[in-house]
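Trainee: Before we begin, could you show me the model and take me through how you would read its features, one after another?

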Amino acid sequence: MTEILIPAALVIVGFVLLMKGADWFVEGAAKAALKFGIPQIIIGLTVVALGTSLPEAAVSINSAIQGASDLSVGNILGSNIINVLLILGLTSLICVIPVSKKAIRFDIPFVILVTIFLVYLGLYDNMISRINGVMLVGIMIVYVLYLGHRVKKGDELEEIPGGDKPMKAPLIILLIILGGAMIAFGSHITVKGAVSLATYFGLSQRIIGLTMVAFGTSLPELVTSVTAARKKETDIAIGNIVGSNFFNIVFVLGVTSIIRPIPCSDTFEIDAYVAIATIILLFLCALPKKKLGKKSGIIMLIGYAAYLVYTILTH
């Protein structure tokens, strides 16, 4: 009996931590945008995105330390695909997500280019080397400096939220740190419980890895984006996904490959091309009306269902 009760309890407690942690994390991020005069899209692209990438970072870096770094690329590409197709798909069904001109003109195309660059690195010698890792981290530093320039230049000041009651800086920092920690830990125990339940009911490790683990490391992005959409902090929602996909590549894979070079498996090429296709799909959905609505959400969810079926049938 305990073989079912303990994993079920882990899943329940994990979801509670995810929900409350995401609520605090988004509130802290939104208050930071208000207090420090930073556009929500910038907060979403940096603080929120990096925070929700913690599970991917933990899995990939831990895999590298334990000598299983070949798991890192699949984890990141799978998470990036889920981030766009599943998470933005679900989020845009809940709330129309406006996409800023800067995101369309620069942020999303830049993530497309970074993903293409990753594919080039992986296909060049079937490995992401330490030098490649340094290059990826260097790209991250340049991008963050560029975002700082955007804030200093003030060309997105119209996106700064207003009319909210300001909050003291220490409390904002506490909300972000505590919320991020709850998201990371909640995601961890949710995945652990879900995997135990799946194993108990006889599901194969292959199916578990393709579904629950990949989905589990993306739970922070899902909960944070949906929470942001429900709070009408839609710039945080889109920034979270675009920024998370970026940091997953340049930060998580960059640091992981510096620790230990990452060999690319036989499935790297197809998964990488799907990852490129998903971010291009996001760009095409957002371009006409500069927003993501129910139609875009349905297209993305159909795309995710097709990818999931294809992955299961070909592995």
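Mentor: Let us start with a pocket, and keep in mind that this is a predicted model. The second largest pocket is lined by Val96, Cys285, Pro288, Lys289, Lys291, Leu292, Gly293, Lys294, Lys295 and Ser296.

Trainee: Which classes of residue make up the lining of the second largest pocket?

Mentor: A lining can be read by class and by element. By class, the lining of the second largest pocket has four nonpolar, two polar and four charged residues. By element, strand S4 (291-292) and helix H12 (294-314) each supply at least two residues of that lining, and the largest share, three residues, comes from H12. The volume of the second largest pocket is about 170 Å³.

Trainee: Where is Lys290 placed, and is Lys290 buried, partly exposed or exposed?

Mentor: Lys290 lies in the loop between helix H11 (268-286) and S4. Its relative accessibility is 38%, so Lys290 counts as partly exposed, since that value falls between the cut-offs of 20% and 50%. The backbone of Lys290 also deserves a look, as the residue has a positive phi of about 55° although it is not a glycine.

Trainee: Turning from pockets to cavities, how many cavities of 30 Å³ or more does the structure hold?

Mentor: A cavity differs from a pocket in that a probe fits inside but cannot get out. The structure holds one cavity of 30 Å³ or more, and the largest cavity has a volume of about 40 Å³. Asn80, Val111, Thr115, Asn245, Ile249, Ala275, Thr278 and Ile279 line the largest cavity. Helix H5 (101-125), H10 and H11 each give at least two residues to this lining, with the largest share, three residues, coming from H11. By class, the lining of the largest cavity has four nonpolar, four polar and no charged residues.

Trainee: What should I look for in the nonpolar core, and which residues have the most contacts inside it?

Mentor: In soluble globular proteins, nonpolar side chains tend to be buried together. Here the largest nonpolar core has 80 residues, and those with the most contacts inside it are Ile238, Leu282 and Leu292. Helix H10 (residues 234-259) gives the most to this core, with 11 residues. If we leave aside neighbours within four places in sequence, Leu282 is in contact with Val84, Leu88, Ile108, Ile238, Val242, Leu292 and Met300. Leu292 also appears in the lining of the second largest pocket.

Trainee: Could we read single residues in helices in this way, and is Thr91 buried or exposed?

Mentor: For a single residue, I would take its place, its accessibility and its contacts in turn. Thr91 is in helix H4 (residues 70-94), and it counts as buried because its relative accessibility is 0%. Beyond neighbours within four places in sequence, Thr91 is in contact with Ile97, Ser225, Val226, Ala229 and Ala237. Leu219, in helix H9 (residues 219-230), is likewise buried, with a relative accessible area of 2%. With neighbours within four places again left aside, Leu219 is in contact with Phe15, Leu18, Ser187 and Thr190.

Trainee: And what do the totals say about the chain as a whole?

Mentor: The protein chain has 12 helices and four strands, and buried residues make up 52% of its 315 residues. Among contacts with a separation of 6 or more, residues 24 or more positions apart account for 86%. The accessible surface of the protein chain comes to about 14000 Å², of which 71% belongs to carbon and sulfur atoms.

Methods:
Residues are numbered from 1 along each chain as its sequence is written. This is a predicted model: local features need pLDDT of at least 70, side-chain atom pairs count only at pLDDT 80 or more; totals for chains, interfaces and linings use all residues. Side-chain values use heavy atoms; hydrogens and water are left out. Buried means under 20% relative accessible area, exposed over 50%, partly exposed in between (1.4 Å probe, protein chains only). Contact means heavy atoms within 4.5 Å. A nonpolar core is a set of buried Ala, Val, Leu, Ile, Met, Phe, Trp, Tyr and Cys residues joined through side-chain atoms within 4.5 Å. On a 1 Å grid over the protein atoms alone, a cavity is a set of points where a 1.4 Å probe fits but cannot get out, and a pocket is an open set with protein on both sides within 12 Å along at least five of seven lines; lining residues have an atom within 4 Å of a point. Grid points are joined across faces, edges and corners, and a volume is the space filled by probe spheres set on the points. Ala, Val, Leu, Ile, Met, Phe, Trp, Tyr, Cys and Pro count as nonpolar, Asp, Glu, Lys and Arg as charged, and the others, Gly among them, as polar. Accessible areas come from the Shrake-Rupley method with a 1.4 Å probe; for residues, only the protein chains shown count as cover.
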